[in-house]
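Trainee: I should like to go through the reasoning behind the labels used for this model. May we take them one at a time?

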Amino acid sequence: MRLDLRKIIHVPGASVPFDLQLDLTHLDFFGARPITRPLQVQGKVTNRAGALQLEGTASTVLDLTCDRCCKPYTAEKVVALNSLLATELENEDSEDEIILLDGGAVDLEEVASTAFILAMDTKNLCSEDCKGLCSRCGADLNDGPCGCKPDVDPRLAALAQLLDDKAE
């Protein structure tokens, strides 16, 4: 969706609201497709003393799989959209994120989808204290201990063997 901003480019204080849905279900992240619902994008573009400021949010509910325990879960993802818009760049070395207008309009789908994709996490956890799976038997450690003996440091294996002999 292209948002025409020609009406507010020269009118300080003026704004144009926007509200749209994007379909990003086709996107693949590391072999999974967590975006199964439409992305809801809302906000406005405001002329603040001659500078066009895009502010808003892009949000959806993701269907994810925990990277530690492999259980599926859902999580809401909300990404803030905050960019400056300009008709031309005065200083090309500027570190600010400035989006150039094309014919007095901005492509909201491109702005929102880029911001949302860049904000996706590379590691997904069902909870911060997820204990994951046992590396030996594969039991879910969130449900309790698995019963496997703890690993013995190979440098202390001789001492562990002495303790095993004493226990018998």
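**Labels and their grounds**

Mentor: Let us begin with Ser59, which lies in strand β4 (residues 51-65); strands are DSSP runs of E with at least two residues and helices are runs of H or I with at least four, numbered from the N terminus. This is a predicted model, in which local features need pLDDT of at least 70 and side-chain atom pairs count only at pLDDT 80 or more, while totals for chains, interfaces and linings use all residues. Residues are numbered from 1 along each chain as its sequence is written, and side-chain values use heavy atoms, with hydrogens and water left out.

Trainee: Why does Ser59 count as buried or exposed?

Mentor: Buried means under 20% relative accessible area, exposed over 50%, and partly exposed in between (1.4 Å probe, protein chains only). Ser59 has 19% relative accessibility and therefore counts as buried. Leaving aside residues up to four places away in sequence, Ser59 touches Pro38, Leu39, Gln40, Lys77 and Val78, where contact means heavy atoms within 4.5 Å.

Trainee: Why does Leu162 count as buried or exposed?

Mentor: Leu162, in helix α2 (residues 157-167), has 54% relative accessibility, so Leu162 counts as exposed.

Trainee: What makes β4 and β5 a pair?

Mentor: Two strands pair if DSSP finds at least two bridges between them. Strands β4 and β5 are joined by 14 bridges and run antiparallel, so the pairing criterion is met. One of the bridge partners is Thr74 in β5, which faces Asp63. The two strands form a hairpin with six residues between them, and Cys70 in the turn has a positive phi of about 65 degrees.

Trainee: How do you know that β5 also pairs with β6?

Mentor: Three bridges join β5 (residues 72-86) to β6, and these strands run parallel; the requirement of at least two bridges is therefore satisfied. Leu85 stands opposite Ile99 in β6.

Trainee: What makes the pairing of the sheet mixed, and what is the strand order?

Mentor: The open sheet has five strands in the order β2-β3-β4-β5-β6. Its pairing is mixed, with β4 and β5 antiparallel and β5 and β6 parallel.

Trainee: Which strands are the edge strands, and why?

Mentor: They are β2 (15-22) and β6 (98-100), each of which pairs on one side only.
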